[in-house]
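Good morning, everyone, and thank you for making time for this. Please take a moment with the picture before I begin.

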2 protein chains.
Amino acid sequence: MQKETVENYLKTIYHLSNGNAQVVSNKALADRLGVIPATVTEAVKKLHGLKLVEYEKSYGTRLTTAGAKMALDIVRRHRIWETYLATELGFGWDEVHAIAEELEHVKNDKLIKKLAEKLGNPHFDPHGDPIPDEKGKIRKSNFIKLSDAKPKTVYTIMGVTDHSPAFLKYLEKHKLVIGVAVQVRSVEEFDHSLNVVCHKKRIAVSAVAAGCIIVAPKG
Amino acid sequence: MQKETVENYLKTIYHLSNGNAQVVSNKALADRLGVIPATVTEAVKKLHGLKLVEYEKSYGTRLTTAGAKMALDIVRRHRIWETYLATELGFGWDEVHAIAEELEHVKNDKLIKKLAEKLGNPHFDPHGDPIPDEKGKIRKSNFIKLSDAKPKTVYTIMGVTDHSPAFLKYLEKHKLVIGVAVQVRSVEEFDHSLNVVCHKKRIAVSAVAAGCIIVAPKG
DNA sequence: TTATTATTTTTGGTATACCAAAAATAATTT
DNA sequence: AAATTATTTTTGGTATACCAAAAATAATAA
C-alpha cells in the first residue's frame with residue numbers, strides 16, 4: 001500500500017472516530033475519501049494486514065495503537081504546517097488547509113520539529129484545533145463556539161471560523177475581536193440569537209454569527 | 001500519468017540535457033530514475049502524448065517548450081525550498097536536498113512566491129545553482145570549482161560542496177571562508193595541487209580540496 | 001564489412017488503487 | 001415476523017507504473 005494512501009485512510013479514520021473513541025463505518029470513510037464503499041473494504045483489509053486497524057467483517061474499523069500513533073503524527077504535521085503558513089508566511093486562515101493537505105505527507109521529523117520550535121511549540125492551530133506533540137499527546141481544547149457558550153460564564157474570544165470581509169467588518173464594528181471578554185446573558189427562544197455583554201455594553205448576536213465565533217472560558 | 005511521475009521525468013530530462021540543449025537517451029534516464037529502460041520507453045511515449053517532450057523511436061527525448069516550462073518550475077520549487085530550509089530553518093547544506101525532493105512536488109504558486117519573497121527573491125541557491133524566476137528565466141551562474149579557476153584571475157569564495165567537519169576545519173584554519181578573495185598562482189603538474197594566494201599568503205591546496213571549493217570571478 | 005556489444009523496443013506479467021454491478025448481510029420500518 | 005432499505009462484500013474489470021526476458025535496432029570494434 002502506498003504511503004499517501006495509508007496516511008489518508010488513517011487520518012480520516014482518526015477524524016471520523018472522534019479521537020479514536022468510536023468504530024467507523026465503510027460508508028462514512030467512503031464518503032469522506034470520495035471513493036465507493038467497495039474500495040474501502042479492500043483498503044481496510046490491507047490496513048488490518050499492516051496492523052494499523054482492527055477490522056472485523058461487517059462491523060467496522062478502529063485504529064490500533066500503532067495506527068493511532070501514525071494518525072496523530074499526520075495530524076501534527078498538518079496543523080504545524082497550517083500554523084506556520086498563517087503565522088510565518090501570512091496566509092489567510094481559509095487558505096492554509098488546502099496547502100497543508102499536501103505538505104502533511106512530507107515525513108521528516110526534524111523538519112516538523114524546527115517548524116514547531118520556530119512557532120514556540122504551540123498546542124493549538126489558528127482554527128483552535130489541538131496540535132499533538134511529538135509523542136502524540138493532545139492538550140484538550142476548551143475552545144467552543146460562542147453559540148454553545150453557557151450563560152453567565154465569562155469567555156474570551158479566541159478566533160473566528162468565517163473570514164469573509166462582511167463578517168470581519170461586523171466584528172470590527174462591535175469590537176468583537178480576539179482577546180475580548182464576552183458573557184452570554186440570555187438566548188432568544190425565537191431565533192436563537194444571543195444577548196451578549198461585551199465592553200460593558202449589551203449587544204445582540206445572531207445565531208449564525210455566534211456559530212462563527214470561537215471562545216474559551218476566561219482564566 | 002501521475003503528476004509526480006511526470007514531474008520526476010521532466011526534471012530528470014532537464015538535468016540530463018544540460019538546460020535542454022541535448023537529446024537524452026532512455027538508458028541515461030533509466031539509470032538516473034532507478035528504473036529499467038523499458039519503463040522509460042513507455043513513459044516518454046506518454047509524455048509525448050501530453051506534448052511535453054519530442055520523441056522519435058530509437059532517437060532520444062527532448063523537452064518541448066511546454067515541457068521545459070514545467071521542468072523549470074519544478075527546479076525553481078526545489079531550489080527555493082533548499083534555500084529556505086538552509087537560510088530560514090537552519091538546515092545544513094547537505095540535508096536540504098532530500099527534503100526539497102519531496103517538498104518540490106507541492107504545487108502552489110503563491111506558496112513559492114511567499115517563500116521567495118521572504119528570501120529576497122534569490123537568483124542562486126546555497127549550492128550556487130541558479131533559481132529560475134517565475135517565468136522560467138535563469139540567471140547564468142559564473143560559479144566554478146576552484147580547481148577549474150584560471151591562473152591570475154582573482155576569485156571570491158562563494159561556497160563549498162563538502163560539509164564534513166574535517167573539511168570545514170581545514171578551511172577555517174586557512175581562512176578559506178565565504179567572501180575571501182583567492183588567486184591561483186600555479187598548478188603542480190605532479191598531483192594537480194594549486195598554489196593559491198589568499199590573505200597575501202601563499203598556500204597549497206590539494207586537487208581534492210579545490211574541487212570542493214566554489215568560486216566566482218571577483219567583480 | 002562483419003562481428004560484437006549496447007541500446008531500445010516489444011511482449012507478457014505483477015501490484016496498486018480504483019470502479020460498477022451483483023450478491024450477501026445488517027438494520028429499519030411496517 | 002416480513003418487507004423494505006441501507007450497508008458491506010464479492011466479483012469482474014480498468015489504468016498506472018513498474019519488471020523480466022526476448023526481439024529489434026543502432027553503434028562500435030575487429
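I will go through the DNA strands, then the contact between the chains, and finally the nonpolar cores. Please keep in mind throughout that what you see is a predicted model.

Let me begin with DNA strand C, which is surrounded by 20 residues, the closest of them being Gln2(A) from one chain and Ser25(B), Asn26(B), Lys27(B) and Ala38(B) from the other. If we ask which elements give two or more residues to the surface near this strand, they are helix 3 of chain A, spanning 37-49, and, from chain B, helix 2 at 26-33 and helix 3 at 37-49. Helix 3 of chain A provides the largest share of that surface, with five residues. Sorted by class, the surface near DNA strand C holds nine polar residues, seven nonpolar ones and four charged ones.

Turning to DNA strand D, we find 19 residues around it, and here the closest are Ser25(A), Asn26(A), Lys27(A), Ala38(A) and Gln2(B). At least two residues of this surface come from each of helix 2 and helix 3 of chain A and helix 3 of chain B, and it is helix 3 of chain B that gives the most, with four residues. By class, the surface near DNA strand D has nine polar, seven nonpolar and three charged residues.

How many residues does each chain bring to the contact between chain A and chain B? Nine come from chain A and nine from chain B. On the side of chain B that touches chain A, helix 5 (93-103) and helix 6 (109-118) of chain B each supply at least two residues, with helix 5 giving the most, namely three. That side of chain B is made up of five nonpolar, two polar and two charged residues.

Let me finish with the interior. In soluble globular proteins, nonpolar side chains tend to be buried together. In this model the largest nonpolar core has 19 residues, and those with the most contacts inside it are Leu10(A), Ile13(A), Tyr14(A), Leu63(A) and Ala71(A). Helix 1 (3-16), helix 3 and helix 4 (65-87) of chain A each supply at least two residues of this core, and helix 4 of chain A gives the most, with six. Apart from this core lies another, of 18 residues, which includes Tyr9(B), Val24(B), Leu52(B) and Met70(B). Returning to Leu10(A), and setting aside its neighbours within four places in sequence, we find Leu10(A) in contact with Leu52(A), Leu63(A), Gly67(A), Met70(A), Ala71(A) and Ile74(A).

Key. Residues are numbered from 1 along each chain as its sequence is written. Chains are lettered from A and ligands numbered from 1 in the order in which they are written. This is a predicted model: local features need pLDDT of at least 70, side-chain atom pairs count only at pLDDT 80 or more; totals for chains, interfaces and linings use all residues. A residue is near a molecule or strand if its C-beta atom, placed from the backbone, lies within 6 Å of it. Ala, Val, Leu, Ile, Met, Phe, Trp, Tyr, Cys and Pro count as nonpolar, Asp, Glu, Lys and Arg as charged, and the others, Gly among them, as polar. Two residues are in contact if their C-beta atoms, placed from the backbone, lie within 7 Å. A nonpolar core is a set of buried Ala, Val, Leu, Ile, Met, Phe, Trp, Tyr and Cys residues joined through C-beta atoms within 7 Å. A residue is buried if 20 or more other C-beta atoms lie within 10 Å of its own, exposed if 12 or fewer, and partly exposed in between; C-beta atoms are placed from the backbone.
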